[in-house]
Amino acid sequence: MIFTGDIRRQMEEKQLILSLRDGDDEAFRILYDTYSGKVYHFCELYLKDVAVIEDCVQEVFIKVWESRELIREDGHFEGFLFIITRNLVFNQYRKNVNEDFYKMTVLSAMEASYDIEEEIVAYNLGEYIDQLIEELPEKRRTIFNLSRKEHKSYKEIASLLNISEKTVENQINASLRFLKKNILLMIWFF
């Protein structure tokens, strides 16, 4: 049974997402105020350092802003946030803890609180993104992986590969454009 309040909240969220897609700062702020606490509490389950948790929350919403044109207004925004948050927590946690232990704890937490179908969709999207990354030209792929998977700064990558920071930035931007263009189709199927 859907309550009137639930319908109103869904309609308001749909309008906020439409406004966010158009670059509306106020819609972004409202979504941030509405969901940042949930993102914080999820991060808190796996990360102990308050500063790291706060950074993770900020990074989640930076990614929301950067990918706002891809967010579906009739989709499940909370699930979209969960996928972004989960991926950021994975990356942060991999730096500090044995990866196998982490995967088991995250999987059990997700099974307890999220629909397994959403996890399968997220896994398939992750696999698809990995395939797209493999299609990048070798140098671009190397730069992208150093940035996103090894968490190296543009300066570190430039120094490591003996190229300019601007080249690193251009290659990352080209990679992101390629991924966004190809992921858009996949997201429509969600």
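Of the 24 residues in the largest nonpolar core, Phe77 and Leu81 touch the most other members. A nonpolar core here is a set of buried Ala, Val, Leu, Ile, Met, Phe, Trp, Tyr and Cys residues joined through side-chain atoms within 4.5 Å. Buried means under 20% relative accessible area, exposed means over 50%, and partly exposed is in between (1.4 Å probe, protein chains only).

Keep in mind that this is a predicted model: local features need pLDDT of at least 70, side-chain atom pairs count only at pLDDT 80 or more, and totals for chains, interfaces and linings use all residues. Residues are numbered from 1 along each chain as its sequence is written, and side-chain values use heavy atoms, with hydrogens and water left out.

**The cores**

- The elements that give two or more residues to the largest core are helix H1 (4–21), H2, H3 and H4. Helices (H or I, at least four residues) and strands (E, at least two) are DSSP runs, numbered from the N terminus.
- H2 is the top contributor to this core, giving seven residues.
- Take a look at leucine 81: setting aside its neighbours within four places in sequence, it is in contact with Tyr35, Val39, Val60, Phe61 and Val64. Contact means heavy atoms within 4.5 Å.
- There's also a second, separate core of 13 residues, and Leu132, Ile157, Ile163 and Val168 are among them.
- As background, nonpolar side chains tend to be buried together in soluble globular proteins.

**The overall picture**

- The protein has nine helices and zero strands, so from the N terminus on its elements simply read α-α-α-α-α-α-α-α-α.
- Out of 190 residues, 33% count as buried.
- Look at contacts between residues at least 6 apart in sequence, and 63% of them join residues at least 24 apart.
- About 12,000 Å² of the protein is exposed, with carbon and sulfur atoms supplying 53% of that area. Accessible areas come from the Shrake-Rupley method with a 1.4 Å probe, and for residues only the protein chains shown count as cover.

**Aromatic rings**

- Rings of Phe, Tyr and Trp (its six-membered ring) pair if their centres lie within 6.5 Å; planes under 30 degrees apart count as stacked, over 60 as edge-to-face and the rest as tilted. By this rule there are six aromatic pairs.
- One of them is tyrosine 32 with phenylalanine 61, an edge-to-face pair with 4.7 Å centre to centre and 70° between the planes. This pair links distant parts of the chain, with tyrosine 32 in helix H2 (residues 25–46) and phenylalanine 61 in helix H3 (residues 50–66), 29 residues apart.
- The two partners sit in unlike surroundings: tyrosine 32 counts as partly exposed at 24% relative accessibility, while phenylalanine 61 is buried at 2%.
- Phenylalanine 42 and phenylalanine 82 also pair edge-to-face, at 5.4 Å centre to centre and 80° between the planes. Phenylalanine 42 lies in helix H2 and phenylalanine 82 in helix H4 (residues 77–96), so this pair ties together parts that are 40 residues apart in sequence.
- Phenylalanine 42 counts as buried at 10% relative accessibility, and phenylalanine 82 is buried too, at 6%.
- Phe28, Tyr32, Phe61 and Trp65 make up one aromatic cluster.

**Charged side chains**

- Arginine 68 lies over the face of tryptophan 65, at 4.0 Å from the ring centre. For a charge to sit over a ring, NZ of Lys or CZ of Arg must be within 6 Å of the ring centre and within 35 degrees of the ring normal.
- Arginine 68 counts as buried, with 16% relative accessibility, and its side chain also meets that of glutamate 69 in a salt bridge (4.0 Å, N to O). Glutamate 69 is partly exposed at 47%.
- The structure holds seven salt bridges, each being a side-chain nitrogen of Lys or Arg within 4 Å of a carboxyl oxygen of Asp or Glu.
- Glutamate 26 forms one with arginine 29, and their closest N and O atoms are 2.4 Å apart. Both residues lie in helix H2, three residues apart, or about one turn of the helix.
- Glutamate 169 and lysine 166 meet in another salt bridge (3.8 Å, N to O); they are three residues apart in helix H9 (residues 165–188), about one helical turn.
- Salt bridges that share partners join Glu26, Arg29 and Asp33 into one network.
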